[in-house]
Amino acid sequence: MNKVLVTGASGFLGRHLVEALLDQGYQVCGLDLQANPMAHENLHWVVGSFLDIEILAGAVIGCDAIFHLASTTLPKSSNENPGYDVASNLQGALNLLDIAVANNVAKVVFISSGGTVYGVPQQVPVTEQHVTNPTCSYGIVKLAIEKYLYLYHQLHGLETCSLRLSNPYGEYQRPDTGQGVIAAFCHKALNAQPIEIWGDGSVVRDFIYVKDAVDAMLKASEVECAGQAINIGSGSGLSLNAVIDQIEAVSGLAVQRDYKPGRGFDVPAIYLDIAEAERVLDWRPKVTMNEGLERLLSWAQQKQ
């Protein structure tokens with residue numbers, strides 16, 4: 001690869017990915033609704049939506065690969081308007097794939113969702129062979145996009161890979177978006193605000209430091225994945241109570257916990273099996289939770 005396109009380039013994941021690509025010497029075209037948050041001689045920025053076919057087609061010209069990170073919906077709100085989710089994200093992905101084929105793009109890496117495509121796990125850790133029964137439109141659309149990536153690999157020989165990402169955390173993550181529980185917890189801890197927990201805090205989730213996630217994206221762009229969907233996570237689960245315990249240990253702060261009644265839709269435990277990522281991508285996460293929290297808290301303190 002020499003030149004790549006990143007959709008959703010100014011977002012939490014996108015910004016880290018763009019920085020990593022630039023560090024490795026790639027020419028990068030960043031596409032986002034937001035203005036360019038960084039300056040670099042090898043970065044070309046396009047302000048606009050990936051849903052705008054003309055803008056997208058122009059951004060793809062000359063690119064060897066596409067990293068598709070952009071999304072118009074969130075898991076918790078997607079069921080409010082499934083039609084919009086389909087019309088924007090699914091149709092937008094199909095447009096992107098058609099444009100990629102027309103421009104002889106070699107590789108498309110899609111960021112899917114390890115937390116929503118499986119639905120309620122029958123067992124943990126969850127492998128890629130686990131049944132997929134999403135309980136929100138967000139997960140259904142992510143899964144549909146995965147299937148179309150595989151179809152375009154079969155029909156057109158387009159090299160594609162879907163990464164089923166667990167819950168990323170790290171620098172640049174906003175605490176007020178409704179995504180990113182660790183960023184929200186750290187923000188409240190630093191500001192001496194109580195942390196609201198739905199239920200007793202025993203809910204288990206899979207958390208991965210953002211630079212480990214980006215490393216997996218880069219690996220996926222470099223190897224033949226043959227239309228595969230691959231789990232990217234920590235390989236283990238951590239309860240919300242344990243996350244707060246570690247925030248207290250790393251920050252030295254006492255955190256006030258405000259337990260609320262449990263929510264019926266919260267899955268008790270989900271974390272991903274990452275054996276396939278090890279085998280196909282030669283990838284494993286390197287950053288421990290303590291080290292990741294130290295980096296996030298240090299960055300967040302500087303932003304105060």
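1. Serine 162 has its place in strand β6, which covers residues 159–165, and in this predicted model the residue is buried, with a relative accessible area of 1%. Leaving aside residues up to four places away in sequence, serine 162 touches Phe110, Glu146, Leu149, Gln228, Ala229 and Ile230. Of these neighbours, Leu149 also appears among the α4 residues that meet α3, a pairing taken up in the next point.

2. Helix α3 and helix α4 (residues 137–156) have axes that come within 10 Å and cross at roughly 20°, so the two helices are roughly parallel to each other. The crossing, in which α3 passes α4, is right-handed. On the α3 side the contact involves Pro82, Asp85, Val86, Asn89, Leu90, Ala93, Leu94, Leu97, Asp98 and Val101, and these meet Ser137, Tyr138, Val141, Ala144, Ile145, Tyr148, Leu149, Tyr152 and His156 in α4. Sorted by class, the residues of this contact are 14 nonpolar, three polar and two charged.

3. Helix α5 (residues 181–190) has contacts with two helices that deserve to be read together, α9 and α7. With helix α9 (residues 289–303), the axes come within 10 Å and cross at roughly 55°, and α5 and α9 are therefore oblique to each other; the crossing is right-handed. The contact is made by Ile182, Ala183, Cys186 and Leu190 of α5 together with Met289, Leu293, Leu296, Leu297, Ala300 and Gln301 of α9. These residues divide into nine nonpolar, one polar and no charged.

4. With helix α7 (residues 240–251), the axis of α5 comes within 11 Å and the crossing angle is roughly 45°, so that α5 and α7 are likewise oblique to each other, and α5 passes α7 in a right-handed crossing. Here the contact is made by Val181, Ile182, Phe185, Cys186 and Ala189 of α5 and by Leu240, Val243, Ile244 and Ile247 of α7. By class, the contact of α5 with α7 has nine nonpolar, no polar and no charged residues. Ile182 and Cys186 are named in the contact with α9 and again in the contact with α7.

5. Why does a search of the whole structure find zero disulfides? For cysteine 29, the explanation is one of distance, because its sulfur is 5.6 Å from the closest cysteine sulfur, in cysteine 63, which is too far for a bond, the cut-off for a disulfide being a pair of sulfur atoms within 2.5 Å. Cysteine 29 counts as buried, at 1% relative accessibility, and cysteine 136 is buried too, with a relative accessible area of 9%.

6. Two loop residues stand in contrast to these buried positions. Asparagine 104 lies in the loop between α3 (82–102) and β5 (107–113) and is exposed, with a relative accessible area of 68%. Its C-alpha atom and that of tyrosine 259 are separated by 53 Å, the two residues being 155 residues apart along the chain.

7. Glycine 264 has its place in the loop between β13 (257–260) and α8 (275–281). Is glycine 264 buried or exposed? At 83% relative accessibility, glycine 264 counts as exposed. From C-alpha to C-alpha, glycine 264 and glycine 227 are 35 Å apart in space, while in sequence they are 37 residues apart.

Definitions and conventions: Residues numbered from 1 in each chain as written. Predicted model: local features only at pLDDT ≥ 70, side-chain atom pairs only at ≥ 80, totals over all residues. Heavy atoms only, no water. Buried < 20%, exposed > 50% of the residue type's maximum accessible area, 1.4 Å probe, protein only. Axes fitted to C-alpha atoms, helices over the stretch in contact; angles between N-to-C directions. Helix = DSSP H or I, 4+ residues; strand = E, 2+ residues; numbered from the N terminus. Parallel < 35°, antiparallel > 145°, perpendicular 65-115°, else oblique. Left-handed = near helix turned anticlockwise from the far one by under 90°. Contact = heavy atoms within 4.5 Å. Nonpolar A, V, L, I, M, F, W, Y, C, P; charged D, E, K, R; others polar.
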